[in-house]
Amino acid sequence: MRTRITATVLAAALTPLALSLSAPAAHAAPAAHAATAAKPYDFNGDGRVDLAIGAPGATVGGKAEAGAVSVVYGSSGGLKTSTRTLITQNTAGVPGAAEAEDAFGSAVASADLDTDGHADLLIGAPGEDVNGDTNDGTVVVIWGSASGLSGARAVPNPFATDVDRYGQSLAAGDVEADGDPDLVIGSNGPVKLAFINGPFTRTSSFQGGSGQSFAGQYSASYGITSVTVGHVTAASETNLVLHGRRAGTDDAITHLVTEPYVGNFGDWMQDLPAGYVSAIGDIDKDGHGDIAIGNERETSADPAGAKGGKVTVRYGGPAGLDSDRAPLVLTQDTAGVPGAAESGDRFGSHVSLGDINGDGYADLAVGASGENSGAGAVTVLYGSASGLRTTGVQSFTQNTAGVPGTSESNDRFGARVLLADHSGDGRAELTVSATGENGDGAIWSLRGATGGVTTSGAASFGPATTGVSTAGGPGYGTALNS
């Protein structure tokens, strides 16, 4: 079922977002509606990717699990914690107020929504109560500028009476293929995915939207739990990978949506190996995006899982999935992959694709947050013309020489991984979150180099560094750049 929403929503007047802690140095502001939109997560337009860190369990103003998002800006030296912004629903200019169990920061996404040369930040708060509806959920936009994030507005929920946990998953991209970025917002209940049409500015009306129910396919209890946006098919610049649970079960279900702007949505869905998270990137540099899908569960919990967890790679082609290439299935028992597949390792707890060594091929980072009684580990595999290589594979834990800290049970190192160029040198850094570190969570940043990930100059920081309260366990790093 696809429901079209035709009414537009007028913008409310906004007050500026008050920057918390230190703001980044100012840069020359491009003209409004710049010819070239900023890349996602480049909030100040300096060409470097900034880092958004969700802490949905953070206590704010005495309200437990109200949630917070820290933004650490990139620099020539990588992530620079001295230039940062803290955002909560108690921050001046952010719609709403911090309330217990809002879970603000459960999901983040980014695009240059107003095409002014500065990326904007989307934040989901799926626990927000709206007009007496418990856990109705909300999404806000924080606007990028030459001096960083400044100003905010709420994104309307066109299905307020039919949706719960609106904003539990987020993505942004040109879904309608009209040149304007659109929002993709996951929830649960009868309507599980909403499309909010662009363009957006700080004061413009919203352009309406539409929704998908996926009746009989995705469980209404879980809804769409994760959305990945990227370019896979020749026919569309923007494709989606959707994750949830199969209706009537607790098992993963995953689809590639090749042309999300076409009215008969279901006709453009292709089955993918079932998993809970994914990443899109061009591993073999053939011009078609490839998809890595993580499934951390055991086969006893999910028939599509594997002992210790697994990652499946489907290579892309002109029509979407390349049917001439067999899926690549990776576990810790795969030859060349360090370690061994053991129950509870949670290999595939998160995945990310990016070019670590600057050779033009996308590389793969895989989190195994359950490794060694939940201490956690991260595995890195490298792309090539023939696809992912299982030679030269790297593995990192907090016991790896040069990595700050010490591996301890339930740290969950690798709960989230990210490959993104925070330094602007053309090579992605490896960012890792350990959501259980000291009961609070923490972030690690390791530099990319021509020889791969290096621990030279590796850095780590926790919630207190970026102004997040550690009361009650904030779950720092539960969400990173999507």
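How many helices and strands does the protein chain have? In this predicted model, the protein chain comprises one helix and 30 strands.

**Figure 1. Overall dimensions of the protein chain.** The chain has a radius of gyration of 20 Å, close to the 23 Å that the globule rule gives for 482 residues, so it is as compact as a globular protein of that length. The C-alpha trace spans about 55 × 50 × 40 Å along its principal axes.

**Figure 2. Burial and contacts within the protein chain.** Of the 482 residues, 59% are buried. Among contacts with a separation of 6 or more, 55% are between residues 24 or more positions apart.

**Figure 3. Surface and charges of the protein chain.** About 16500 Å² of the protein chain is exposed, and carbon and sulfur atoms supply 49% of this area. The chain carries 25 positive and 51 negative charges. The mean positions of these two sets of charges are 2 Å apart.

**Figure 4. The largest nonpolar core.** This core contains 57 residues, and Leu121 and Leu122 have the most contacts inside it. Strand S3, which covers residues 68-75, gives the most to this core, contributing five residues.

**Figure 5. Surroundings of Leu122.** Residues up to four places away in sequence are not counted in this view. Leu122 touches the alanines Ala107, Ala109 and Ala172. Leu122 also touches the valines Val108, Val139, Val140, Val141 and Val155. The leucines that Leu122 touches are Leu113, Leu170 and Leu183.

How values were computed:
Residues are numbered from 1 along each chain as its sequence is written. This is a predicted model: local features need pLDDT of at least 70, side-chain atom pairs count only at pLDDT 80 or more; totals for chains, interfaces and linings use all residues. Side-chain values use heavy atoms; hydrogens and water are left out. Helices (H or I, at least four residues) and strands (E, at least two) are DSSP runs, numbered from the N terminus. The radius of gyration is taken over C-alpha atoms; the globule rule is 2.2 Å times the number of residues to the power 0.38. Buried means under 20% relative accessible area, exposed over 50%, partly exposed in between (1.4 Å probe, protein chains only). Contact means heavy atoms within 4.5 Å. Accessible areas come from the Shrake-Rupley method with a 1.4 Å probe; for residues, only the protein chains shown count as cover. Lys and Arg count as positive and Asp and Glu as negative; His and the chain ends are not counted. The place of a charge is taken as NZ of Lys, CZ of Arg, CG of Asp or CD of Glu. A nonpolar core is a set of buried Ala, Val, Leu, Ile, Met, Phe, Trp, Tyr and Cys residues joined through side-chain atoms within 4.5 Å.
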